[in-house]
Amino acid sequence: MARTVAVGVQDFSKVIEEHCFYVDKTDFIKEWWEYKDDVTLITRPRRFGKTLTMSMLEYFFSVRHAGRSRLFKNLNIWKNETYRELQGAYPTIFLSFAGVKASHYDEAYYDICRLVSREYRRHVYLLGSSSFLQPDREMFEKLLNMDGTVGDVCASMNQLSEYLYHYYGKKTIILLDEYDTPMQEAYVHKYWEEMAEFIRKFMNFTFKANPYLERGMMTGITRVGKESIFSDLNNLEVITVTSKKYASAFGFTEQEVFAALHEFGMEGQMQEVKQWYDGFRFGDCDHIYNPWSVIKFLGEKQFAPYWANTSSNRLIATRMQQSDVDTKLIVEDLLQGKSFLTQIDEEIIFSSLDYKKSALWSLLLAGGYLKILQIERNRRGKIQYTLALTNREIFFIFDEMVTGWFSNSRLSYGDFSEALLAGDKEYMNAYLNDIAMETFSFFDTGAKSSRYKQPENFYHGFVLGMIADLRELYRVTSNRESGNGRYDVLLEPYHPKIDDGIILEFKALDPETEQNLEETVHSAIRQILDKKYAAALHKKCSQENIRIYGFAFRGKEVFIDGGDLEMAEKLVKR
C-alpha cells in the first residue's frame, strides 16, 4: 500500500512514525561521518530537504533520542552495525535561522537571542549538574532569560558545548540550518554591516574557537563570502551545487522518482514528470529532481509549478529589479528556451552584489532557477558555464518573476501595455512621465549620467520590463540585427492578422545637436526608417500593420511619438 503523502513535514520522527512518504537518505549519515571534516557547509536550493536532513542527523546522533533507534531500523543506515552504536551517542545542538527575517537589525538580533534561549531551555537539565559552578549557573540563566550581552550571545553555543561536554564527557555536534537567511535579509533591508559583524563573531565562537566541538554542519542556499562571516574558519568544508561530495543526498535521483511513481501507480507519467521537475545537477550527478514538487505531484496528481508557492527569494528579486538592460536581454533569451555563457562565482560577496553582473547568475544557479549545461575554459584559462532555465516548472516561475520586476509601484504597468497596443500616444506620454516623476532618481535617468550608466539603457530596460506582460501576444526581442543595424526593441506578433508589429527606439537628448525632445524623438524615428529595422517584420506583417515609436528622454522628462510607417515618415519630413 502506498504511503501517506505529507507535504512540508520537516520533523524526521513524524515522517517515519506516521508512515509518510520518504525517500531513504540515511546513507548521508555514513558518508558525512566518514569524511571526518570538522565543519561542513552544504548549499542547496530551497525546499530540497535540507531541514529534514538536519532533523535526521539530530535524531540519529543526539543523546536526547538515544531510545529511539526504531526510527532507523528499516532504513539503510541500520544495515551497518558499526553505525548502530552511534545512534544517540553525542550531545547535539540544533539551531535554525530560517525564521530570522527582520527588516531591522535589532529585530533580527532579538530573533537570534530567542533561538539561543530556546536551545538553552532544551538543555535546562544541565542546571542540576554538580559540575556547575555559580558563575556557570549565572551565565546559563542569563542566556536562558535573554539577558546576556552581545558578546555572551556570540559565545553562547561555545559555552553550551562546554556545559554539555562536562555533563556527558563527549564533545558536541552542532547543526545550524538556513545559516544564510539573516545575511540575505540584512542585505535586502540595508543593515548588512551590523549583521555581518555579529554573525562573524557568532560563527567564530561556535565553529572555530570551540574546543568542545566534535563536528559541525551548516546548510543554506548561498555560499556567503569567506571574508564576510567566515574569515577565521579555516576548518570549513564548503559543498556547493558544483561539488562532487554528497551529490545525491539532497533532491531525488531519477531512480528514486521512478520508484515513487511505481509506488503510487503512476509510472506512465515519468516522461512528463521529467520535463516538469528534472534538470538539477549537483556535482557530477545529473537528473536530480525537485523533491518538493515531486511530492506535491504525488499528492495532487496533476502538473503545476508547485515550487512557486513555497517562499519568495527577496534577495534575487532585489537584484532582478536593479539589473541592467543587458541582463534583461539574457532573461528574454532564457524565456525563449535559449542558453548563455558566463562566468560565475559561487562565493557570494554581498558588498559586490550592486555592481558585479555575474552575481545575479550565481544567485540564480544556487537558488535552482538555472542549470549548468556545459563547463569549459576560455582562452585565458577561466572557467565558463553555459546556463539555461532548469525545467518547465522553473519556466513558469521565472516568467512570473520577470513580469513582477517592476511591481513595486502603485501604478499598474498593464495600463502602459494597453496604451501601446492601442496606439494611444497621449496616454503613453502622460503615463511614463508620471512614472518617471514618482519612481526614478535623476542619477538613474541620466541627469548625472556617466559613460557607465547611459539614460538610453535605463529607459530601455525599464520599458522592456513594463511590456513583459505582452509576451503572450508577442515575441519580444532587443538589440537584434535587422536591415542595416540593430533595433532597440521589436514586438513580433504571434497573430499578425490581429496585432500590429511594433518597433521602439530610445534616445537621450543631445544638447549639442538637439534643441528639444521633439527633435530627439524624430532622430530616433529617422534611425528606424533609415536603417530599415522594419525588415524583421515584413515576413509576417503588411506595411500597414507595422508601427514605430521613438522614446526621447531628458532627465525625468519623456516624450514619445510615432505611429504607422506612413505617419512616421511624415513626422521626420516636417
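These questions and answers walk through a predicted model.

Q: Which residues of helix α13 are buried?
A: Helix α13 spans residues 270-277. Buried means under 20% relative accessible area. The residues of α13 that count as buried are M270, V273, W276 and Y277.

Q: Within what arc do the buried residues of α13 fall, seen down the axis?
A: An α-helix has 3.6 residues a turn, so residues three or four places apart point the same way. In α13 the buried residues line one face of the helix. That is because they fall within an arc of 125 degrees.

Q: What phi does G279 take, just after α13?
A: Helix α13 is followed closely by G279. The phi of G279 is positive. Its value is about 115 degrees.

Q: Is K190 buried or exposed?
A: K190 sits in the loop between α9 (181-188) and α10 (192-208). The cut-off for exposed is over 50% relative accessible area. K190 has 73% relative accessibility, so this residue counts as exposed.

Q: What is the phi of K190?
A: Most residues other than glycine have a negative phi. K190 is not a glycine, yet its phi is positive. The value is about 65 degrees.

Q: Is Y246 buried or exposed?
A: Y246 is placed in the loop between β6 (236-239) and α12 (254-263). Its phi is near 55 degrees, a positive value in a residue other than glycine. For burial, the limit is under 20% relative accessible area. At 1% relative accessibility, Y246 counts as buried.

Q: Which residue meets K245 in a salt bridge?
A: The two side chains come to 3.0 Å, N to O. K245 counts as buried, at 17% relative accessibility. Its partner is partly exposed, with a relative accessible area of 26%. That partner is E237.

Q: How many residues apart in sequence are the parts tied together by E492 and R475?
A: E492 forms a salt bridge with R475, and the closest N and O atoms are 3.7 Å apart. E492 lies in strand β16 (residues 489-493), while R475 lies in strand β13 (residues 474-478). So the pair ties together parts separated in sequence by 17 residues.

Q: Of E492 and R475, which counts as buried?
A: R475 is partly exposed, with a relative accessible area of 31%. E492 has 15% relative accessibility. Buried means under 20%, so the residue that counts as buried is E492.

Q: How far apart are the closest N and O atoms of E557 and R554?
A: E557 counts as partly exposed, at 36% relative accessibility. R554 is partly exposed too, with a relative accessible area of 38%. The two form a salt bridge, and their closest N and O atoms lie apart by 3.0 Å.

Q: Which residues are joined into one network by salt bridges that share partners?
A: The count of salt bridges in the model comes to 26. Where salt bridges share partners, they can join residues into one network. The residues joined this way are E58, R64, E119 and R122.

Q: Which residues form a negative surface patch?
A: One member, D415, lies in helix α19 (residues 414-422). D415 counts as partly exposed, at 31% relative accessibility. The patch is formed by D415, E418, D469 and E472.

Q: What distance separates the C-alpha atoms of H166 and F132?
A: H166 is found in helix α8 (residues 156-168). H166 counts as partly exposed, at 44% relative accessibility. F132 is 34 residues from H166 along the chain. Their C-alpha atoms are separated by 8.9 Å.

How values were computed
Residues are numbered from 1 along each chain as its sequence is written. This is a predicted model: local features need pLDDT of at least 70, side-chain atom pairs count only at pLDDT 80 or more; totals for chains, interfaces and linings use all residues. Side-chain values use heavy atoms; hydrogens and water are left out. Patches are made of residues with over 30% relative accessible area and no salt bridge: like charges are joined within 9 Å, nonpolar side chains (Val, Leu, Ile, Met, Phe, Trp, Tyr) within 5 Å. Accessible areas come from the Shrake-Rupley method with a 1.4 Å probe; for residues, only the protein chains shown count as cover. A salt bridge is a side-chain nitrogen of Lys or Arg within 4 Å of a carboxyl oxygen of Asp or Glu. Lys and Arg count as positive and Asp and Glu as negative; His and the chain ends are not counted. The place of a charge is taken as NZ of Lys, CZ of Arg, CG of Asp or CD of Glu. Helices (H or I, at least four residues) and strands (E, at least two) are DSSP runs, numbered from the N terminus. Buried means under 20% relative accessible area, exposed over 50%, partly exposed in between (1.4 Å probe, protein chains only). The arc is that of the directions from the helix axis to the C-beta atoms.
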